[in-house]
Amino acid sequence: MGVAGCGGPGLPEGAPKKLDVDETPHYLIGPGDSVNIFVWRNEELSVTVPVRPDGRITTPLVEDVVASGRTPTQLARVMENELSTYIKEPEVTVMVDQFQGLPPRQIRVVGEATEPMALPYQDDLSLLDVMIEVGGLTEFAAGNRAKLVRTVDGERKQYNVRLDDLVRDGDISQNVDMLPGDVLFIPEALF
């Protein structure tokens, strides 16, 4: 069960539960993403490139363009501007192939998950979805002592989540919606 006086399992009343569609920002490209740059009528300039850890990409004729923190449309306009030196009226489309996203838009899982990792945030992502993605709990996990750290109104707050009840016992009442920037800590059981 959730914490006494809470508005849902493990999350106190007033804690944000879900983003409204109007609040969901456009996807921002981040390091680790892979972007497909399509230059209309210029097949030799159309490429798929990774976003480097410094947030930049390099394409034919255009080197070291900042991609991180921009939407695909914003990056397309930057690429058009850069290519206009070489091509008359270039038309560029940018599509993200592999998503990692900016760290504030990721869900991070650390500790006793089978595969701890950072996941890109997606709409309607639940705690159960995250646990499936990380392969569940290790045999040494103390799942019912897990903590969810969430930023609420600029302040980091910590909430108890009961992963053993959710994952091992199938208690769906322990499922909660995840938000961008959430960090899930799964401690090791004490023997």
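**Close-up 1. Arg 52 and its acidic partners in this predicted model.** Let us start with Asp 54, whose side chain meets that of Arg 52 in a salt bridge, 3.1 Å from N to O. Arg 52 also forms a salt bridge with Asp 64, and here the closest N and O atoms are 2.7 Å apart. This second pair links distant parts of the chain: Arg 52 sits in the loop between strand 4 and strand 5 (56–59), while Asp 64 belongs to strand 6 (residues 62–66), 12 residues apart. Together, Arg 52, Asp 54 and Asp 64 are linked in a network of salt bridges. Are these residues buried, exposed or partly exposed? Arg 52 counts as partly exposed at 27% relative accessibility; Asp 54 is partly exposed at 47%, and Asp 64 is partly exposed at 42%.

**Close-up 2. A salt bridge within helix 3.** Here the side chains of Arg 168 and Asp 164 meet, 2.9 Å from N to O. Both residues lie in helix 3, four residues apart, which is about one turn of the helix. Their surroundings are worth a look: Arg 168 is partly exposed, at 43% relative accessibility, whereas Asp 164 is buried, with a relative accessible area of 16%. If you would like to look for others, a search of the whole structure finds six salt bridges.

**Close-up 3. An open sheet of five strands.** Follow the strands across the sheet in the order 9-8-12-10-11, and you will meet mixed pairing. At the edges are strand 9 (117–120) and strand 11 (155–161), each pairing on one side only. From one strand to the next, the twist averages 20 degrees. Strand 8 (residues 106–111) pairs with strand 9 in the antiparallel sense, over four bridges. Within this pair, look for Ile 107, which stands opposite Leu 119 in strand 9.

**Close-up 4. The largest nonpolar core.** This core has 21 residues, and those with the most contacts inside it are Leu 127, Leu 163, Leu 184 and Ile 186. Which elements give two or more residues to this core? They are strand 8, helix 2 (127–133), strand 10 (146–152), helix 3 (163–168) and strand 12 (183–186). Helix 2 gives the most, with three residues.

**Close-up 5. A nonpolar patch on the surface.** Phe 38, Trp 40 and Met 95 make this patch of about 290 Å². To find Trp 40, look in the loop between strand 3 (34–39) and strand 4 (47–50). Trp 40 is partly exposed, with a relative accessible area of 40%.

Key: Residues numbered from 1 in each chain as written. Predicted model: local features only at pLDDT ≥ 70, side-chain atom pairs only at ≥ 80, totals over all residues. Heavy atoms only, no water. Pairing = 2+ DSSP bridges. Axes fitted to C-alpha atoms, helices over the stretch in contact; angles between N-to-C directions. Patch = residues over 30% accessible without salt bridge, like charges linked within 9 Å, V, L, I, M, F, W, Y side chains within 5 Å. Areas by Shrake-Rupley, 256 points an atom, 1.4 Å probe, with all protein chains shown as cover. Salt bridge = Lys/Arg side-chain N within 4 Å of Asp/Glu carboxyl O. Buried < 20%, exposed > 50% of the residue type's maximum accessible area, 1.4 Å probe, protein only. Core = buried A, V, L, I, M, F, W, Y, C linked by side-chain atoms within 4.5 Å.
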